[in-house]
Amino acid sequence: MAAFPPLKNDLIIRASRGEKVERVPVWIMRQAGRYLPEFHEVRKHHSFFEICRTPELACELTLQPIDRYGSLLDASIIFSDILVIPQAMGLEVQMVPGRGPVFPAPLVTPADFERMHKHVDVDKELDYVYKAITLTRHKLEGRVPLYGFTGAPWTLMAYMIEGGGSKTLSKAKAWLWQHPAETHDLLQRITDVAVTFLVGQVRAGAQMLQVFDSWAGELGPYDFKKYSLPYIKQISTRVKKELKEAGLDVVPMTIFAKGAWYALEDLTNIEYDVVSLDWTIDPEYARKVTKDQVVLQGNMDPNTLYAPFDTIRETATRMVKAFGKDSKHIGNLGHGILPTVDPEALRVYLETIQTVSAEIRK
Ligand code: CP3
């Protein structure tokens, strides 16, 4: 296999390792997505999971924001979805326009484990993601590093039981009380798949990894410690160990546990290099709690991108300054960019983070 083109911008990798860098690197969760007209152009002709499963299309969509914003983005993230794991485990997932992901037959009771594969051949089932990553690494031509990712076990379990989005997660949370042993069984199965999948993504060319626990905040502090923390910790420790043993690069890892402000201290001690913050956490508070032991990522409210451009500049400037001139900070939003945002508003946000942080670090 041909070697990958050399990396020309490694700012975000150095920042993730906690090194002092010249300015704050920045990327955006869901940066390849529906706010871009060029995304809709491709999406018109292909279904969502067809794009995920076609390396050329997944690569094209991954590159769209990099082509559009040029040096204003310091990383790319492979176009895929966290729900490719439940699919690999044997459950059907559809992407329904206007509704989002839908499982036609979610897990109702533990008897439904019968409908999942007993043994998941992760590398075979998810080979299409690896192929997309390898192709994208070539097509990026070293402009920026490429993130691979996975959903966290709790968030994926919740989707598998709820069958889609939910306001209360009451079906998934009922399982915690009604089927405690099978809950841990399911969380462990997802963890095992996620570990192999992340290692495989690095083998394929991913240079950074992020774990999305989007529904962490639905658990309280006690339940988070029981149902999420041990599994996301297993993921980081096992992935790093397996990468080392395989002679692969031990790439920086990020955890995004949305809504889990109460777990911030715990999240600094589970072998992730970067902790991604949602917008409800004050940067100065986060620095105090995490004591500079990890790099912090985030965290403007994605809805602020609907504000007038001057307000976006002001808010982004305040955010950069709150993380501090000596802080270990990676710019991002506090959650994914929303589909109806003006792409030019994002440009203002990216520009502000890069210029203001370079200025205060001089
Ligand atoms: O640009 C990127 O960030 C890379 C691609 C990416 C997608 N989904 C593409 C996508 C990533 C990293 C994800 C992660 C993901 N998927 C998460 C974790 C991040 C988060 O937002 O909390 C979750 C919870 C999902 C599950 C999911 N996929 C939902 C709830 C939805 C529908 C609602 C929505 O926000 O779009 C999706 C669909 C999806 N995933 C789209 C894209 C571009 C839109 C699908 C379409 O074209 O119809």
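**Group meeting: the ligand shell and helix α7**

Let me start at the ligand. There are 23 residues around the ligand, and those that come nearest are Ala-32, Gly-33, Gly-100, Phe-212 and Ser-214. By type, the shell splits into twelve nonpolar residues, seven polar and four charged.

This is a predicted model. Its ipTM is 0.94 and its pTM is 0.98. Mean pLDDT for the chain is 97, with 100% of the residues at 70 or more.

Now the chain as a whole. The chain has 16 helices and nine strands. Its radius of gyration is 19 Å, and the globule rule gives 21 Å for 362 residues; the two are close, so the chain is as compact as a globular protein of that length. Along the principal axes, the C-alpha atoms fill a box of roughly 60 × 45 × 45 Å. Of the 362 residues, 47% count as buried. Taking contacts between residues at least 6 apart in sequence, 75% join residues at least 24 apart.

One helix in more detail: α7, residues 127–140. Do its ends sit where they should, or not? Put another way, what span should 14 residues give at 1.5 Å a residue? The expected span is 20 Å, and the end C-alpha atoms of α7 are 20 Å apart, so the two agree.

Which residues of α7 are buried? They are Val-129, Tyr-130, Ala-132, Ile-133, Thr-134, Thr-136, Arg-137 and Leu-140. The cover over these buried residues includes the helices α4 (55–69), α5 (84–88) and α10 (180–204), together with the strands β1 (76–77) and β4 (146–151). After α7 comes Glu-141, with a positive phi near 50°.

Terms used:
Residues are numbered from 1 along each chain as its sequence is written. This is a predicted model: local features need pLDDT of at least 70, side-chain atom pairs count only at pLDDT 80 or more; totals for chains, interfaces and linings use all residues. A residue is near a molecule or strand if its C-beta atom, placed from the backbone, lies within 6 Å of it. Ala, Val, Leu, Ile, Met, Phe, Trp, Tyr, Cys and Pro count as nonpolar, Asp, Glu, Lys and Arg as charged, and the others, Gly among them, as polar. pLDDT is the predictor's confidence in each residue, from 0 to 100. Helices (H or I, at least four residues) and strands (E, at least two) are DSSP runs, numbered from the N terminus. The expected span of a helix is 1.5 Å times one less than its number of residues. A residue is buried if 20 or more other C-beta atoms lie within 10 Å of its own, exposed if 12 or fewer, and partly exposed in between; C-beta atoms are placed from the backbone. Two residues are in contact if their C-beta atoms, placed from the backbone, lie within 7 Å. The radius of gyration is taken over C-alpha atoms; the globule rule is 2.2 Å times the number of residues to the power 0.38.
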